[in-house]
Amino acid sequence: MTLFSYEIFDAVARQGSFNKAAQQLHLTPSAISHAIAVMEEELGFALFNRGKNGVSMTSYGASLYPSIRDVLNSDEANWSKKFRKLQY
């Protein structure tokens, strides 16, 4: 998994929607869905329950979320995000 996949996970968790996460990250909903599916395949379990009214974290997703937030709040992750913004 990449730092960007963690950012996608975080955006989906915060927004409760693939569409809203896609808007926030300037991606397509399909790209968000694909990234989450790849994460779920790598981990071997579902991270989100999908429904008509959006998504909610599974118990596995909820237990993983604090670790993902720790990574995203690390100095290295913050440097990487700043560098990526400079490229645009």
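## A tour of the aromatic rings

This structure holds three aromatic pairs, and what you have open is a predicted model. Let's walk through some of the rings.

**Stop one: Phe9 and Phe48.** Select these two and show their side chains. The ring centres sit 5.1 Å apart and the planes meet at 45°, so this pair is tilted. Now colour by secondary structure: Phe9 belongs to helix α1 (residues 3-15), while Phe48 is in strand β1 (residues 48-51). The pair links distant parts of the chain, with the two positions 39 residues apart in numbering.

**Stop two: switch on the surface.** Are these two residues buried or exposed? Phe9 is buried, with a relative accessible area of 0%. Phe48 is buried as well, at 3%.

**Stop three: add Tyr65.** Keep Phe9 selected and bring in Tyr65. Here the centres are 5.7 Å apart and the planes are at 50°, so this pair is tilted too. Follow the chain to see where Tyr65 lives: helix α4 (residues 59-72). With Phe9 back in helix α1, the pair ties together parts that are 56 residues apart in sequence. Tyr65 has 17% relative accessibility, and because buried means under 20%, Tyr65 counts as buried.

**Last stop: see them together.** Show Phe9, Phe48 and Tyr65 at once and hide the other side chains. Which residues do the ring pairs link into a cluster? Phe9, Phe48 and Tyr65. Phe9 takes part in both pairs you visited, with Phe48 and with Tyr65.

Note on methods. Residues are numbered from 1 along each chain as its sequence is written. This is a predicted model: local features need pLDDT of at least 70, side-chain atom pairs count only at pLDDT 80 or more; totals for chains, interfaces and linings use all residues. Side-chain values use heavy atoms; hydrogens and water are left out. Rings of Phe, Tyr and Trp (its six-membered ring) pair if their centres lie within 6.5 Å; planes under 30 degrees apart count as stacked, over 60 as edge-to-face and the rest as tilted. Helices (H or I, at least four residues) and strands (E, at least two) are DSSP runs, numbered from the N terminus. Buried means under 20% relative accessible area, exposed over 50%, partly exposed in between (1.4 Å probe, protein chains only).
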